[in-house]
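Work through the exercises below with the coordinates open. Each task is followed by its solution in steps.

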Amino acid sequence: MKIAIIGGGITGLTAGYEAAKSGADVTVYEASHRAGGCISTSDFTGQPVDEGPDAFLARVSWATDLCTELGLKDQLVAPAKRQAYVYSHGALRLLPAPNVLGVPLDMDALAASGIVSPQGIQRARQEPPYAGLAPDEDITVGQFVRQQLGNEVAARLVDPLIGGINAASIDELSLRAAAPQLAEAASAGGSLVEALRQITQTTLASAPAAANAASTASEAPVFLTLREGLASLVDALVARLGERLKLCTPVTNLTDIDADRIIITVPASAASSLLADVSPQTAARLESIRYASVVLLTLAFEAKDVEHPMDGSGYLVPAVEGRLLTACSWASTKWAHIGLPNQVVLRASVGRYGQQQATQMDDAHLLSAVRADLAATMGLTAEPSDVRISRWTNSFPQFRLGHTKTVAQIRQALAQDAPHILATGAWAQGLGLPACIQQGRTAAQASLGKSAGTQ
C-alpha cells in the first residue's frame with residue numbers, strides 16, 4: 001500500500017514511521033528545509049537548548065514509548081527542580097501543591113502561598129456542588145472554574161497554567177478540548193476538587209515505568225525531556241524514514257500525489273487549502289480553527305547577577321498582572337544538563353491569542369520589554385550575555401468552545417467525501433508531543449486498516 005503523508009512535524013513523522021515499519025510504501029512530504037515543526041534544538045552558549053517545547057507529559061506513555069522504541073530511553077531525564085512560582089501581587093510566590101492544571105487540591109497550601117487574597121481563599125473553600133457535565137455539553141474552562149472556585153483562583157492559578165499551555169485565555173477555551181482532566185472531573189459532578197484528588201491518585205498509581213525510571217525521587221515526574229534536546233526524537237524518526245522523507249517538497253494539490261491513502265498533518269489552514277476541492281465542508285471547518293503566535297527568548301546571564309534564588313523550574317505570570325511576559329523557565333535550574341558553570345539560562349515566553357503586541361515588535365524592542373518584565377518580576381536588571389529569539393507564528397491552535405464537535409464534524413465529512421484521506425495534527429486532539437505522537441500512530445494504523453490505539 002502506498003501511503004503519502006503531508007507534513008513533517010512530529011505527527012507526520014510518527015505516522016510515517018508507524019506505517020513504514022508495517023511494510024507500507026511511505027513518502028513524507030515536508031515543505032521546509034527541516035522536519036520537526038515547532039520541535040527545534042539549537043546551540044546556545046555551546047550547548048543544545050530547545051527553541052520550542054522543552055518537555056513532554058510523562059504520565060501518559062505515548063512519547064516515552066516512542067523514545068524507548070527508537071533507542072532513546074537512556075537520554076530521558078526528569079526536571080531537577082519541580083516547584084514553580086507564580087508572580088502575583090508584586091512578588092514571586094510558590095505554586096501551591098498539589099494542584100491539577102492550577103486547580104488547588106489543598107486549600108491550606110493555597111492560603112499559605114499568598115497568590116490569592118483571603119477573600120479568594122474563602123470563596124474557593126465554599127465550592128458549590130456541581131450537577132455534572134452532560135455528554136454533549138461543553139463550557140469554557142473559565143466559566144467552570146469561576147463558578148466552582150471563584151474568580152481569583154481562575155485568574156491567578158488556572159489561567160496562567162491552562163491559558164499558558166494554550167497561549168489563550170481560559171474564558172475562550174473549551175473545557176472538553178483544552179482541559180480533559182477537568183472535564184472528566186466535571187462529568188462526575190459534586191466537588192471539582194474532590195474529583196481531581198481521586199483522579200490524581202489513580203494517575204499516580206498507573207504512571208508509566210519509563211517515567212519512574214527517569215526519576216530519582218519516589219514520585220514519578222510530571223514531565224520528561226531528552227538530554228540532547230527534543231530534536232533528538234525528530235532526528236531518530238528522520239533516520240528511520242531515510243529517503244522516504246522529502247524535505248523542501250511542498251504539496252499544493254492532492255491530485256499530484258500518487259498514493260492509496262493520504263494522511264494530512266499540516267496546520268488547519270494549510271489542510272483547509274488542500275481539501276477545498278475535495279471536501280468543501282471539511283475545508284470550511286478547518287479554516288474556522290484559529291491560531292496564536294508566541295515568541296520564546298532564551299537568555300544567558302552570569303550567575304552573580306541573578307539575585308532571586310534559582311530554586312525552582314521557573315514562574316508563571318497571570319494575565320491580570322498586565323505584563324507582556326507570560327512565563328519564564330529557569331532552564332539551567334529546571335534541567336541539570338543545561339547551563340555552564342556560573343551561568344543562568346532563562347527561557348522567557350510572550351504572546352497570547354488576540355494579543356499581537358509581542359509578535360509585532362522587532363527584536364530590539366521585544367528584548368527591551370522582556371528585560372523590563374524580568375526586572376519587575378524577579379529583580380533581574382543585568383544585561384544578558386547571550387540572547388536567542390525564536391518566533392513561532394501561528395503555532396498554537398485554539399481549542400475554543402465546541403472544538404470537539406468541530407473535530408468530529410471534520411472527520412465525518414472527510415470520511416464521506418474522501419475516505420482515502422485522513423486529516424490530523426495538533427489542531428485535532430491536543431498540541432503536546434504525546435497527543436501528536438498518538439494521533440500520528442492512530443492515523444497510520446487507520447490507513448493500514450488496523451484497529452486504532454486507544455491509549
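**Exercise 1. The sides of a helix**

Task: In this predicted model, find the buried residues of H4 and decide how they are arranged around the helix axis.

Solution:
- Step 1. Buried means under 20% relative accessible area. In H4, the residues that meet this are Gly 120, Ile 121 and Ala 124.
- Step 2. These residues span an arc of only 100° around the axis, so they sit on the same side of H4.
- Step 3. An α-helix has 3.6 residues a turn, so residues three or four places apart point the same way.
- Step 4. On the face turned away from the buried side, H4 carries the exposed residues Pro 118 and Gln 119.
- Step 5. The packing partners of the buried residues of H4 are H3, H5 and H6.

**Exercise 2. The largest nonpolar core**

Task: Which residues of the largest nonpolar core touch the most other members, and which element gives the most residues to this core?

Solution:
- Step 1. The largest nonpolar core has 43 residues, and Val 141, Leu 175 and Leu 182 touch the most other members.
- Step 2. Two or more residues of this core come from each of helix H3 (107–113), helix H4 (118–125), helix H5 (141–149), helix H6 (151–166), helix H7 (175–178), helix H8 (180–188) and helix H9 (192–205).
- Step 3. H6 gives the most to this core, namely 6 residues.
- Step 4. Next, list the contacts of Leu 175, leaving aside its neighbours within four places in sequence. Leu 175 is in contact with Leu 133, Asp 138, Ile 139, Thr 140, Val 141, Phe 144, Pro 180, Leu 182, Ala 183 and Ala 186.
- Step 5. Another core, of 38 residues, lies apart from the largest one; among its members are Ile 3, Ala 78, Leu 233 and Val 234.
- Step 6. As background, nonpolar side chains in soluble globular proteins tend to be buried together.

**Exercise 3. A nonpolar patch on the surface**

Task: Which residues make the nonpolar surface patch of about 230 Å², and is Leu 57 buried or partly exposed?

Solution:
- Step 1. The patch is made by Leu 57, Val 222 and Phe 223.
- Step 2. Leu 57 belongs to strand S5 (residues 56–57).
- Step 3. The relative accessible area of Leu 57 is 37%, so this residue is partly exposed.

**Exercise 4. Backbone geometry in three loops**

Task: Locate a cis peptide bond, then place Thr 45 and Asn 342 and compare their burial.

Solution:
- Step 1. The peptide bond from Ala 97 to Pro 98 is cis, with omega near 0°. Pro 98 is in the loop between strand S8 (91–94) and strand S9 (99–100).
- Step 2. Thr 45 is not a glycine, yet has a positive phi of about 50°. The loop between strand S3 (41–44) and strand S4 (47–50) holds Thr 45.
- Step 3. For Asn 342, also not a glycine, phi is positive and near 60°. Asn 342 lies in the loop between helix H14 (331–334) and strand S17 (343–350).
- Step 4. Thr 45 has a relative accessible area of 19% and is therefore buried, whereas Asn 342, at 67%, is exposed.

**Exercise 5. The surroundings of Ala 20**

Task: Is Ala 20 buried or exposed, and which residues is Ala 20 in contact with beyond its neighbours within four places in sequence?

Solution:
- Step 1. Ala 20 is part of helix H1 (residues 10–21).
- Step 2. With a relative accessible area of 16%, Ala 20 is buried.
- Step 3. Leaving aside neighbours within four places in sequence, Ala 20 is in contact with Val 26 and Arg 244.
- Step 4. From Ala 20 to Thr 424 the separation is 404 residues in sequence and 18 Å in space, C-alpha to C-alpha.

Conventions:
Residues numbered from 1 in each chain as written. Predicted model: local features only at pLDDT ≥ 70, side-chain atom pairs only at ≥ 80, totals over all residues. Heavy atoms only, no water. Core = buried A, V, L, I, M, F, W, Y, C linked by side-chain atoms within 4.5 Å. Buried < 20%, exposed > 50% of the residue type's maximum accessible area, 1.4 Å probe, protein only. Helix = DSSP H or I, 4+ residues; strand = E, 2+ residues; numbered from the N terminus. Contact = heavy atoms within 4.5 Å. Patch = residues over 30% accessible without salt bridge, like charges linked within 9 Å, V, L, I, M, F, W, Y side chains within 5 Å. Areas by Shrake-Rupley, 256 points an atom, 1.4 Å probe, with all protein chains shown as cover. Salt bridge = Lys/Arg side-chain N within 4 Å of Asp/Glu carboxyl O. Arc of directions from axis to C-beta.
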